[in-house]
Amino acid sequence: MNCPDCKEKLDRYVDRELNSTEVLEVQLHLEGCPDCMDSYEFQTHLKRLIKHSCDCDTAPAAFREKLRQILS
Amino acid sequence: MAESQSQAPTTFAEEALTHLDTLYRGALRLTRDPDQAQDLVQEAYLRALRYQHSYQTGTNMKAWLFAIMRNLFWDRFKGSRKEDVSLDDVGEFVLYDKLRDEGAKPEADVLDKMAASEVVAAVEELPPLHREVVLLVDVEGFSYKDAAETLGVPIGTVMSRLHRARQQLQKSLFEYAVESGIVRASNKEMPTQ
Ligand SMILES: [Zn+2]
Ligand SMILES: [Zn+2]
């Protein structure tokens, strides 16, 4: 695998959407390629940032209680 | 998918309510308004209860509920469309490469300095068709397949929308990073190859 191939698969690698053969190929490349490894770590970090920025919102307790009553 | 074994929810409604935070967050990001989000989620739950016979036990209830909520959103949204549904191709924009070009050490601290509120704002700026893919895949951790089923589109569509959404998101975050001084904008243009 070369860098363009790795780049092309990186999103799916980060999203855990590659099959096991592809995962091994990417891992092998990352271990030998600091540039792609850096890029991979950045993508992972970015995905985590998006998740944690958005998922701290939870339903207000009063709303949860209201729904519980409506639905029961 | 097995929820907790120890205290399994006893009724359909109770089980459905274990997914409330996911639905509420999704509705909040889609409507960008807490009151509208509550209305939307409440209506989604009422509809889910009414159509519970169409839910197949053992399948992904979170995805099923989310689909009901986003379909309701789109029904309303189409009636009062004020913004672009979709996204123009912004071209390849890779934040990592861009930061490198600007001489910032990307991984070190640029991302850590970004305020959560600004990241949320960047997500909410995405057109809803792209926003919902990011919500499912990045925020809620749906697989492409589950996202595709939830949205009623092929997996390839999920992937292309996600790709485009991420380009736009990275572009917005870069602009924010420059405007807020997290990244010092270089005056010198990078030499074009
Ligand atoms: Zn490489
Ligand atoms: Zn960090």
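**Exercise 1. Confidence**

What is the mean pLDDT of chain B, and what share of its residues reach 70 or more? Work out also which stretch of chain B calls for caution.

*Solution.* The structure is a predicted model, and confidence is therefore the place to begin, since where pLDDT is low, the predicted coordinates should not be read in detail. For chain B the mean pLDDT is 85, with 83% of the residues at 70 or more. Over residues 187–193 of chain B, however, the pLDDT is below 50, and beyond near neighbours in sequence this stretch has 1 contact in the model. For the model, the scores are ipTM 0.92 and pTM 0.86.

**Exercise 2. The make-up of chain B**

Describe the secondary structure of chain B, and state how much of the chain is buried.

*Solution.* Begin with the count of elements, which for chain B comes to 10 helices and 0 strands, so that the pattern read along the sequence is α-α-α-α-α-α-α-α-α-α. Turn next to burial: of the 193 residues in chain B, 48% are buried. Finally, consider the contacts in chain B between residues at least 6 apart in sequence, of which 71% join residues at least 24 apart.

**Exercise 3. Helix 8 and B:E132**

Establish whether helix 8 of chain B is covered or open, and then describe the surroundings of B:E132.

*Solution.* Helix 8 of chain B spans residues 128–139 and is mostly covered, with 12 of its 12 residues buried. Among these buried residues are B:H130, B:R131, B:E132 and B:D138, as well as B:L135 and B:L136. Just after the helix, B:G141 adopts a positive phi of about 70 degrees.

Now take B:E132, which lies in helix 8 of chain B. Because its relative accessibility is 0%, and buried means under 20%, B:E132 counts as buried. Leaving aside residues up to four places away in sequence, B:E132 touches B:L30, B:R70, B:W74, B:L151 and B:R161. With one of these, B:R70, the side chain of B:E132 makes a polar contact of 2.7 Å.

**Exercise 4. The two sides of helix 2 in chain A**

Determine which residues of helix 2 of chain A are buried and which are exposed, and explain how the buried ones are arranged.

*Solution.* Helix 2 of chain A covers residues 20–32, and its 13 residues reach 19 Å from the first C-alpha to the last, close to the 18 Å expected at 1.5 Å a residue. The buried residues of this helix are A:E22, A:V26, A:H29 and A:L30. Seen down the axis of helix 2 of chain A, they fall within an arc of 100 degrees, so they line one face of the helix. The general background is that an α-helix has 3.6 residues a turn, so residues three or four places apart point the same way.

What the buried residues of helix 2 pack against is helix 1 (3–14) and helix 3 (34–54) of chain A. On the other side of helix 2, A:S20, A:T21, A:L24, A:L28, A:E31 and A:G32 are exposed. At the start of the helix, a side-chain oxygen of A:N19 comes to within 3.1 Å of the backbone nitrogen of A:T21.

**Exercise 5. Cysteines**

State how many disulfides the structure holds, and explain why A:C56 has no bond to A:C54.

*Solution.* Over all chains, the structure holds 0 disulfides. The cysteine sulfur closest to that of A:C56 belongs to A:C54, and because the distance is 7.7 Å, whereas a disulfide requires the sulfur atoms to be within 2.5 Å, the pair is too far apart for a bond. As for accessibility, A:C56 is exposed, with a relative accessible area of 53%, whereas A:C36 is buried at 9%.

Terms used:
Residues numbered from 1 in each chain as written. Chains lettered and ligands numbered in written order. Predicted model: local features only at pLDDT ≥ 70, side-chain atom pairs only at ≥ 80, totals over all residues. Heavy atoms only, no water. Buried < 20%, exposed > 50% of the residue type's maximum accessible area, 1.4 Å probe, protein only. Helix = DSSP H or I, 4+ residues; strand = E, 2+ residues; numbered from the N terminus. Expected span 1.5 Å × (residues − 1). Arc of directions from axis to C-beta. Contact = heavy atoms within 4.5 Å. Polar contact = N/O pair within 3.5 Å; in protein donor to acceptor, adjacent residues only side chain to side chain. pLDDT = per-residue confidence, 0-100.
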